[in-house]
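Reader: I would like a close look at one single part of this model, with the cut-offs behind every term that you use. Please start from one residue and work outwards to its surroundings.

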Amino acid sequence: MKIERKKISAQVLEQLNEKIKSKEFPPNQPLPSENELAKLFGVSRAPVREALSVLSASGIIESRQGGRSYVKELHLVDMMDRLTLQYISLEEVFELLELRMIMETEAAALAANRRDSSDLEKIKKALKGLEETLTNPDEVGLQADLDFHKYMIEATKNSFMVGVMDNIGDLYRKAVAFSLKKNLGLQRKRESVYLEHEAIYKAIESQDEENARKAMKNHLQNVRKKLREEK
């Protein structure tokens, strides 16, 4: 059996990561152009563009006037050590969203029907964690978001759903991180994400299955819409 070669864009991302961490590409300085990076790494522009989109979504670089990309000075080492630069493609994110739309909308309804006081307390605690991150411009609430969905799935009392979430845990975490990093510094979007989770929680709390289903569907549709805007 052949070992699959790592995707070229993932290799480019790793190289860019190292050059940013080593300050070879320092903060507040323009990165080389796509053409220059393609020549540097000996690849076409397509994988360079894809790797740059991951850096941008992770909040590591930003586009400024003139169209050049600059390395941001926002706690770069901390952010890179926190998994945000683990590679995930948009294709994988959208495929996972399809799975989430199928599973989590019904899971929310089941959670509303089957949750007990312990489940509700854990979901509420995760929601509180999301709320607390709203006052920190450098935090997007990744762990609180993950915990919210994890505890909701557990509240279904369905061992297969819990097993699916465990099996895709690494990809799930990367995909949520990829999505949330797009909200870094965008207070209104972050507040909208919080309100979406609050609506899910309230429906589960009141054991309103239909509204729980609708609230989760609305949340995931908004995630998909936001990602499509970046394609």
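**Around K157**

Author: K157 is partly exposed, its relative accessible area being 43% (buried means under 20% relative accessible area, exposed over 50%, and partly exposed in between, with a 1.4 Å probe and protein chains only). The model is a predicted one, in which local features need pLDDT of at least 70 and side-chain atom pairs count only at pLDDT 80 or more, whereas totals for chains, interfaces and linings use all residues. Residues are numbered from 1 along each chain as its sequence is written, and side-chain values use heavy atoms, with hydrogens and water left out.

K157 sits in the loop that runs between α7 and α8 (helices are DSSP runs of H or I with at least four residues, strands are runs of E with at least two, and both are numbered from the N terminus). Although K157 is not a glycine, its phi is positive, at about 65°. K23 can be set beside K157 in this respect, since K23 is likewise no glycine and has a positive phi of about 70°. K23 belongs to the loop between α1 (8-21) and α2 (34-41), and with a relative accessible area of 48% it is partly exposed.

The side chain of K157 is joined to that of D116 by a polar contact of 3.1 Å (a pair of N or O atoms within 3.5 Å, where within protein one must be able to donate a hydrogen and the other to accept it, and where residues adjacent in sequence count only if both atoms are side-chain atoms). From C-alpha to C-alpha, D116 and K157 are 10.0 Å apart in space, while 41 residues separate them in sequence. D116 itself lies in the loop between α5 (90-114) and α6, and its relative accessible area of 33% makes it partly exposed.

D116 also has contacts at the beginning of the helix that follows its loop. A side-chain oxygen of D116 comes to within 3.1 Å of the backbone nitrogen of S118, at the start of α6, and the side chain of D116 reaches the backbone nitrogen of D119 at 2.8 Å. The helix α6 covers residues 117-133, and since its 17 residues at 1.5 Å a residue should span 24 Å, the 25 Å between its end C-alpha atoms agrees with that expectation (the expected span being 1.5 Å times one less than the number of residues). D119 is one of the buried residues of α6, as are L120, I123, A126, L127, G129, L130 and T133.

On the other side of the polar pair, T156 shares a setting with K157, for T156 too is placed in the loop between α7 (142-154) and α8 (159-167). T156, however, counts as buried, because its relative accessibility is 0%. A polar atom of the T156 side chain lies 2.6 Å from the backbone oxygen of I153. When neighbours within four places in sequence are left aside, the residues in contact with T156 are A107, L110, A111, R114 and M161 (contact meaning heavy atoms within 4.5 Å).

I153 leads back into α7, where it is listed as buried together with L142, A144, D145, L146, D147, F148, H149, Y151 and M152. Since 10 of its 13 residues are buried, α7 is largely enclosed by the rest of the structure. From its first C-alpha to its last α7 reaches 18 Å, close to the 18 Å expected at 1.5 Å a residue.

As for the wider setting, the protein has 11 helices and 2 strands, and from the N terminus on these elements follow the order α-α-α-β-β-α-α-α-α-α-α-α-α. Of its 231 residues, 47% count as buried. Among the contacts with a separation of 6 or more, 77% are made by residues 24 or more positions apart. The exposed area of the protein is about 12500 Å², with 48% of it supplied by carbon and sulfur atoms (areas come from the Shrake-Rupley method with a 1.4 Å probe, and for residues only the protein chains shown count as cover).
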